[in-house]
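Here are a few short exercises to work through with the model open beside you. Try each task before reading its solution.

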Amino acid sequence: MSIHFYVDIDKILERKKMSLTELANKTGIHKQSLFKIKKTKKITFSTLNRIANSLGETDLDGLVSAEIKSSGEIIR
């Protein structure tokens, strides 16, 4: 079994009812960088912290998603 944590920018945008441009303006992170995170779902802790602070997020569940695989099948 393996667990993969990732950032789901679409989930954040949907929850916050924001566009990618609005998130870029609020966080000070270039839109192109956010688009890359959105595409790859990979992020550094410092960038994740920057997004969390800008959005006032204290709950990682609102920013990070997990995928659990067992025998090649995605469980969650």
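Contact here means heavy atoms within 4.5 Å. Keep in mind that this is a predicted model.

**Exercise 1. Place V7 in the fold and decide whether V7 is buried or exposed.**

Step 1: Start with the secondary structure. V7 is found in strand β1, which covers residues 2–7.

Step 2: Check the accessibility. Buried means under 20% relative accessible area. V7 has 3% relative accessibility, so V7 counts as buried.

Step 3: List the partners, leaving aside neighbours within four places in sequence. V7 is then in contact with I12, I37, K41, I43, L48 and L63.

Step 4: Take one of these partners, L48, and look at the backbone. The C-alpha atoms of V7 and L48 are separated by 8.3 Å, although the two residues are 41 apart along the chain.

**Exercise 2. Describe the largest pocket: what is its volume, and which residues lie nearest its centre?**

Step 1: Begin with the volume, which comes to about 310 Å³.

Step 2: Turn to the lining. There are 17 lining residues, and F5, Y6, V7, V64 and S65 lie nearest the centre of the pocket. V7, from the first exercise, thus turns up again here.

Step 3: Assign the lining to elements. Those giving two or more residues are β1, α4 (45–55) and β2 (64–70). The most comes from β1, with four residues.

Step 4: Sort the lining by chemistry. It holds nine nonpolar, three polar and five charged residues.

**Exercise 3. Find which element gives the most to the largest nonpolar core.**

Step 1: Identify the core. It has 17 residues, and I9, L23, L34, I51, L55 and L63 have the most contacts inside it.

Step 2: Name the elements giving two or more residues to this core: α1 (9–16), α2 (20–27), α3 (31–40) and α4.

Step 3: Pick the top contributor. This is α4, with four residues.

Step 4: Follow one core residue outward. Leaving aside neighbours within four places in sequence, I51 is in contact with I9, T27, I29, L34, I43 and L63.

**Exercise 4. Examine the backbone at K17 and K41: what is phi at K17, and what is phi at K41?**

Step 1: Recall the background. Most residues other than glycine have a negative phi.

Step 2: Read the angles. Phi of K17 is near 55°, and K41 has a positive phi of about 65°.

Step 3: Locate the residues. K17 is in the loop between α1 and α2, while K41 is in the loop between α3 and α4.

Step 4: Add accessibility. K17 is exposed, with a relative accessible area of 72%, whereas K41 counts as partly exposed at 30%.

Key. Residues numbered from 1 in each chain as written. Predicted model: local features only at pLDDT ≥ 70, side-chain atom pairs only at ≥ 80, totals over all residues. Heavy atoms only, no water. Buried < 20%, exposed > 50% of the residue type's maximum accessible area, 1.4 Å probe, protein only. 1 Å grid on protein atoms, 1.4 Å probe; cavity = no way out; pocket = protein on both sides within 12 Å on 5 of 7 lines; lining within 4 Å. Points joined across faces, edges and corners; volume = space filled by probe spheres on them. Nonpolar A, V, L, I, M, F, W, Y, C, P; charged D, E, K, R; others polar. Core = buried A, V, L, I, M, F, W, Y, C linked by side-chain atoms within 4.5 Å.
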